[in-house]
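Trainee: I should like to learn how the features of a protein model are read. May we work through one together, beginning with the overall layout?

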Amino acid sequence: MKEFILEARDIHFVYSDGTIALRGATMAIEKGRKVAVLGSNGAGKTTIFLHFNGILRPGRGRVLFAGREVRYDHSSLMHLRKNVGIVFQDPDTQLFSASVVQEISFGPLNLGLPEKEVARRVENAMEATEIADLRDRPTHLLSYGQKKRVCLAGVLAMEPSVLICDEPTAGLDPVHAAQVMELFDRINRQGTTVIMATHDVDLAYSWADYVFVMNRGTVVGEGLPGEVFCDGQLLQQSDLTRPWLVEIHEQLSRRGWLPDGLPLPRTKEQLFDYIQRASGSGKPALVHLFPRGKMHPECASCNVGRK
Ligand SMILES: Nc1ncnc2c1ncn2[C@@H]1O[C@H](COP(=O)(O)OP(=O)(O)OP(=O)(O)O)[C@@H](O)[C@H]1O
Ligand SMILES: [Mg+2]
């Protein structure tokens with residue numbers, strides 16, 4: 001039987017200025033999953049995340065953590081926030097301590113943990129996010145990407161059972177973005193449920209094992225990545241594009257360059273493997289379609305040559 005760690009049931013929420021942000025949003029997050037939440041600007045992703053952590057309280061509807069309805073008294077909220085950590089979309093709304101190490105220590109100290117345990121968690125979190133060299137820097141002087149990693153480290157140090165990240169890779173360079181995704185995989189393997197909002201359909205497709213799509217304050221679609229990203233109508237109505245792997249796979253299949261019935265590739269390595277195997281001679285079929293020569297004729301000194 002499925003075990004849901006977080007649920008939003010038919011949530012309605014209106015901000016104080018009268019903006020209707022959620023109009024009956026329902027989302028059930030299965031324990032131990034890697035979940036991506038997609039949707040265009042203003043769809044309601046951040047607003048539903050803030051409900052999961054008890055920062056916002058629904059006008060109508062219910063939020064459940066581990067099968068129990070969330071209550072909003074001090075100790076219930078402390079319990080929820082100890083278990084459900086959220087990394088905000090904008091790091092400047094999260095950071096408030098003078099130095100990096102103080103910022104990351106704040107959460108574990110607040111939990112009343114012994115000093116030694118706090119130090120262990122802080123060191124682990126800094127190592128995992130590769131910010132140990134920034135430990136004594138004032139947080140307000142860091143770059144945007146460094147601030148994002150400090151925010152993530154601060155939440156990791158709480159060792160939550162659910163990690164919610166609002167656009168974690170936005171503003172990170174490619175190496176650190178990949179490193180954050182590896183980190184998510186690692187903590188997910190250790191049992192943490194990871195939920196992230198992203199605009200990157202390629203990332204969501206390759207990384208997530210379950211996907212929700214939001215539009216205008218409701219959840220308009222959900223399913224396995226292969227289901228969601230093949231639903232052209234859903235993608236169109238939600239202003240989403242198809243991941244490049246899905247697009248290329250479909251084009252190659254339509255042209256008869258790949259056999260019918262192959263499952264959608266989740267990684268580029270899987271797609272290359274399909275192409276390789278599709279040629280009886282052992283040489284990728286596509287090689288015969290292009291003249292030999294430099295790999296990228298437009299490069300002055302192409303070093304991505306064929307073996
Ligand atoms: N503090 C606020 N006060 C008033 N309206 C708000 C506030 N925060 C968000 N909204 C509005 O609520 C709606 C949902 O916003 P939300 O930030 O949840 O969307 P989102 O899906 O996270 O968008 P994005 O992809 O841009 O981050 C939008 O119409 C937005 O303008
Ligand atoms: Mg948002």
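**Domains, cores and cavities**

Mentor: The domain assignment of the protein chain gives domain 1 (4-231) and domain 2 (245-289); such bounds come from an automatic or database domain assignment. This is a predicted model, in which local features need pLDDT of at least 70 and side-chain atom pairs count only at pLDDT 80 or more, while totals for chains, interfaces and linings use all residues. Residues are numbered from 1 along each chain as its sequence is written, chains are lettered from A and ligands numbered from 1 in the order in which they are written, and side-chain values use heavy atoms, with hydrogens and water left out.

Trainee: How far apart do the C-alpha centres of domain 1 and domain 2 lie, and how many residues of each are in contact?

Mentor: Contact means heavy atoms within 4.5 Å. Here the C-alpha centres of the two domains are 36 Å apart, and eight residues of domain 1 are in contact with five residues of domain 2.

Trainee: What describes the protein chain as a whole?

Mentor: One begins with secondary structure: helices (H or I, at least four residues) and strands (E, at least two) are DSSP runs, numbered from the N terminus. The protein chain has 11 helices and 10 strands. Its C-alpha atoms fill a box of roughly 70 × 45 × 40 Å, taken along the principal axes. Among the contacts in the chain with a separation of 6 or more, 61% join residues 24 or more positions apart.

Trainee: What percentage of the 307 residues counts as buried?

Mentor: Buried means under 20% relative accessible area, exposed over 50%, and partly exposed in between (1.4 Å probe, protein chains only). Of the 307 residues, 47% count as buried.

Trainee: How is a nonpolar core recognised, and where does the largest one lie?

Mentor: A nonpolar core is a set of buried Ala, Val, Leu, Ile, Met, Phe, Trp, Tyr and Cys residues joined through side-chain atoms within 4.5 Å. The largest has 53 residues, and those with the most contacts inside it are I104, L152, L163, F184 and F229. Domain 1 and domain 2 both give residues to this core, so it lies between them. Apart from it lies another core, of 32 residues, among them A25, V35, F52 and I164.

Trainee: Which residues does L152 touch?

Mentor: Not counting residues up to four places away in sequence, L152 touches V87, T129, L163, C165, V180, L183 and F184.

Trainee: How does one find a cavity?

Mentor: Rolling a probe the size of a water molecule over the atoms shows where empty space is left. On a 1 Å grid over the protein atoms alone, a cavity is a set of points where a 1.4 Å probe fits but cannot get out, and lining residues have an atom within 4 Å of a point. Grid points are joined across faces, edges and corners, and a volume is the space filled by probe spheres set on the points. By this rule there are two cavities of 30 Å³ or more, and the largest cavity has a volume of about 50 Å³.

Trainee: Which residues line the largest cavity, and which element gives the most to the lining?

Mentor: The lining consists of V87, K148, R149, L152, C165, P168, L172, V180 and F184. Helices α5 (144-156) and α6 (174-189) each supply at least two residues of it, and α5 gives the most, with three residues. For classes, Ala, Val, Leu, Ile, Met, Phe, Trp, Tyr, Cys and Pro count as nonpolar, Asp, Glu, Lys and Arg as charged, and the others, Gly among them, as polar. The lining has seven nonpolar, no polar and two charged residues.

Trainee: How should a positive phi be read?

Mentor: Most residues other than glycine have a negative phi. E130, in the loop between α4 (115-128) and α5, has a positive phi near 55°. E159, in the loop between α5 and β7 (162-166), has a positive phi of about 50°.

Trainee: Is T129 buried or exposed?

Mentor: At 1% relative accessibility, T129 counts as buried. T129 lies in the loop between α4 and α5. T129 and L183 are 54 residues apart in sequence and 7.9 Å apart in space, C-alpha to C-alpha.

Terms used:
1 Å grid on protein atoms, 1.4 Å probe; cavity = no way out; pocket = protein on both sides within 12 Å on 5 of 7 lines; lining within 4 Å.
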